[in-house]
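Reader: Could you pick one spot in this model that looks odd on the backbone and take me through it up close? After that I'd like to hear how its surroundings tie into the rest of the fold, in plain talk please.

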Amino acid sequence: MKRRFGKTPLVLVSALALSALVSLDVGCGAPSRGVDWNGKRLPAIDMHLHPGDWDHVPEDTRKFLASRFPFPIGLDAEAAAKGSLLPESILGEIDDAGIWGAGLFAIYAPRTVGVASNELVAEDLTFAPDRFFGLASLRVDRWTTDRDAELDRLKSTLSRPGFVGIKLAHAHQHFRMDDPAFFPIYEVGASLGKPLYLHTGTSPFPGTSQEPAYTDPTYLETAIQQFPGATFILGHLGYDFEQKRHAGLETCIRLAKTYPNVFLEPSALGSASSDPTGANLKEAMRRMREAGITDRVVYGSDGPQSPGFVKGYLERTVAAMKDAGYTEQEAAAVLAGNFARVFGVTVPAEAAE
């Protein structure tokens, strides 16, 4: 594999070693694959993981990411953060969590979260082609001059092996959800049958556009109506990460109940830092089940973030589903079944064993 970082061997060894120390269950063998649901193992797919290139992350965002690593990893947080973005580390995190498959997101947001190019994701997909799935993205900051070229590059990327969808983050990429100038992106998704994952809600990252037109899923309704052939996955359920509260949950549920091309994804909002008591994640999982839309919920964590995050978020989500009374069938749909259906992926029997 091509080495993207300076001093990669030392960084990778230290990050993976620290991750193993954090997540190790003393006295246990290799973790079983799948989620234990009342004695039966259910397959799990995490649709939302971020590879990347540390050199293409803005300085303020580097500091923000490094600050989230616990002691003693925080003593060398930059090295650990670099290593966590590598495909080897991501594979280790999902293995430790018992997760079979993972979606890897490309993103072009040079002023906020940085750049993880389509080329980088394509390279990472080759590391575990049977378990990694790519979501491509494109640049929008030079849209008036580069629109056609960017759309062509997006189409070309989506034709490559392993790419199953499109990733957009209006708040991070600084374009309005209701701006028709960008609707050709949704048209690409519809014409190629590639679902679109959309960040909704505010964001804690420096430089993010926090105004409603960039964060409130209400502003997506026009596009959802105009492109019934496109599949829209509303990430984070419109959560307000600044105030650590639900802001767009009811809107997301309404859109999913109203439009058959809308799916929901509850990543990040239930993390220990964004939901310290776990009450908000439990409320979200309960409300979606009460609304009868468990067939529209696709699991994702928004990892890897820090060692052990992927496993911990899955555990918190499973606990929230059990607290809300999910049946085995409903849990199976959320954890892997809906992803498989939406993205046309076959989940092998060994995904839960």
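Author: Let's go to the loop between helix 12 and helix 13, where Asp302 sits. Keep in mind that this is a predicted model, and the angles and areas below are computed from it.

Asp302 isn't a glycine, yet its phi is positive, about 75 degrees. For background, most residues other than glycine have a negative phi, and most peptide bonds are trans. Is Asp302 buried or exposed? With a relative accessible area of 14%, Asp302 counts as buried, because the cut-off for that label is under 20%.

Move along the chain and there's a second oddity. The peptide bond from Gly303 to Pro304 is cis, with omega near 5 degrees. Pro304 belongs to the loop between helix 12 (279-290) and helix 13 as well.

Now for what this loop meets. The C-alpha atoms of Gly303 and Ile90 are 8.5 Å from each other, although 213 residues separate the two along the chain. Ile90 is part of helix 4, and Pro304 is among its contacts. Leaving aside neighbours within four places in sequence, the other contacts of Ile90 are Leu49, His50, Pro51, Ser84, Leu85, Leu104 and Phe132. Ile90 has a relative accessibility of 1%, so it counts as buried.

The helix that follows this loop also meets helix 4. Two packed helices are described by the angle between their axes and the distance between the axes. Here, helix 4 (residues 87-97) and helix 13 (residues 309-323) pack at about 35 degrees, and their axes lie 8 Å apart. That crossing is right-handed. On the helix 4 side the contact is made by Glu93, Ile94, Asp96 and Ala97, while helix 13 brings in Phe309, Val310, Lys311 and Leu314.

There's another backbone oddity at Ala268, a residue other than glycine with a positive phi, near 70 degrees. Ala268 lies in the loop between strand 11 and helix 12, and since its relative accessible area is 5%, Ala268 is buried.

Strand 11 brings us to the sheet. Seven strands form an open sheet in the order 3-4-7-8-9-10-11, with parallel pairing. Strand 3 (45-49) and strand 11 (262-265) are the edges; each has a single partner strand, so one side of each has no neighbour in the sheet. On average, neighbouring strands in this sheet are turned by 25 degrees against each other, direction ignored. At the strand 11 edge, strand 10 (residues 232-235) runs parallel to strand 11 and is joined to it by four bridges. Ile233 has Phe263 in strand 11 as its bridge partner.

A helix packs on this sheet too: helix 5 touches strand 4 (101-105), strand 7 and strand 8, and its direction makes about 170 degrees with that of strand 7. Seven of the eight residues of helix 5 (residues 118-125) are buried, so this helix is largely enclosed by the rest of the structure. Those buried residues are Asn118, Leu120, Val121, Ala122, Glu123, Asp124 and Leu125.

Which strand has six of its six residues buried? That's strand 8 (residues 163-168), and this is why strand 8 is described as largely enclosed by the rest of the structure. On one pairing, strand 7 (residues 132-136) and strand 8 run in the parallel sense over three bridges, and Leu135 has Gly165 in strand 8 as its bridge partner. To get from strand 7 to strand 8, the chain passes through helix 6 (residues 143-158), a β-α-β crossover that is right-handed. Strand 8 also pairs with strand 9 (residues 196-199), again in the parallel sense over three bridges. There, Ile166 stands opposite Leu196 of strand 9.

Zooming out, the protein chain has 14 helices and eleven strands. Of its 353 residues, 59% count as buried. Among contacts with a separation of 6 or more, 79% come from residues 24 or more positions apart, and the Ile90 to Pro304 contact is one link between helix 4 and the loop we started from. The chain exposes about 14100 Å², and 52% of that is supplied by carbon and sulfur atoms.

How values were computed
Residues are numbered from 1 along each chain as its sequence is written. This is a predicted model: local features need pLDDT of at least 70, side-chain atom pairs count only at pLDDT 80 or more; totals for chains, interfaces and linings use all residues. Side-chain values use heavy atoms; hydrogens and water are left out. Buried means under 20% relative accessible area, exposed over 50%, partly exposed in between (1.4 Å probe, protein chains only). Helices (H or I, at least four residues) and strands (E, at least two) are DSSP runs, numbered from the N terminus. Two strands pair if DSSP finds at least two bridges between them. A crossover is right-handed if, with the strands pointing away from the viewer, the path from the first strand over the helix to the second runs clockwise. Axes are lines fitted to C-alpha atoms, for helices over the stretch in contact, and angles run from 0 to 180 degrees between N-to-C directions. Contact means heavy atoms within 4.5 Å. Accessible areas come from the Shrake-Rupley method with a 1.4 Å probe; for residues, only the protein chains shown count as cover. A crossing is left-handed if the near helix is turned anticlockwise from the far one by less than a right angle, and right-handed if clockwise.
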